[in-house]
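Dear colleague,

I am passing on the structure we spoke of, and below it you will find my notes on what turned up in it. Please read them with the coordinates open beside you.

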Amino acid sequence: MKILDKGEGGYRSGDPRGKCLECGGITSGKPYCLEHLNLLPGTSELIEKIEGREQEIENAHTGKADVKGEIAADILSVLRFRKSSISPSALAKDVGLRGNVIEPFLVALQEVGKISISSTNGSISISLRR
Ligand SMILES: [Zn+2]
């Protein structure tokens, strides 16, 4: 699932100026302003999911990539689906992260033996460990 792909959360479509149904404030074309966006059905779950991933990314960059978190699960499911090795940048794209963001997760997943990272002729490939 790619939810962080389109810049600022993907809320860019439509009229750039709309009015919030709750407070009348200017919005980016959505029925609610950022403050009341959670009134949209389904949005609070989405925001929670994004915040969860951002927290995971933050943790990863302070040295604790969560191998049981959502990002790790995404990485593993992409690899499971592929059934072959994949380059780190293609994997990052499939998971919807930048290369430098995904790296600590790959290192952590390799450490726990979930994936293998191999280098052939200078090109790195990631595969699921079986
Ligand atoms: Zn509002």
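Where helix H2 meets helix H3, the residues involved are Ile 71, Asp 74, Ile 75 and Val 78 on the H2 side, and Leu 91, Asp 94 and Val 95 on the H3 side. Sorted by class, this contact consists of five nonpolar and two charged residues, with no polar ones. H2 spans residues 70-82 and H3 spans residues 88-95, and their axes come within 10 Å of each other while crossing at roughly 115°; the crossing of H2 past H3 is right-handed.

Please bear in mind throughout that this is a predicted model. The average pLDDT of the protein is 83, and 88% of the residues reach at least 70, but over residues 5-14 the value falls below 50, although this stretch still has nine contacts in the model beyond its near neighbours in sequence. Where pLDDT is low, the predicted coordinates should not be read in detail, and I have left the contacts of residues 5-14 uninterpreted for that reason.

The other feature to look at is a hairpin, in which strand S3 (residues 115-120) and strand S4 (residues 123-128) run antiparallel and are joined by six bridges. Within this pairing, Ile 117 has Ile 126 of S4 as its bridge partner, while Ser 118 stands opposite Ser 125, also in S4. Two residues lie between the strands of the hairpin, and Asn 121 adopts a positive phi near 50° there.

With best regards

Notes. Residues numbered from 1 in each chain as written. Predicted model: local features only at pLDDT ≥ 70, side-chain atom pairs only at ≥ 80, totals over all residues. Pairing = 2+ DSSP bridges. Helix = DSSP H or I, 4+ residues; strand = E, 2+ residues; numbered from the N terminus. Axes fitted to C-alpha atoms, helices over the stretch in contact; angles between N-to-C directions. Left-handed = near helix turned anticlockwise from the far one by under 90°. Contact = placed C-beta atoms within 7 Å. Nonpolar A, V, L, I, M, F, W, Y, C, P; charged D, E, K, R; others polar. pLDDT = per-residue confidence, 0-100.
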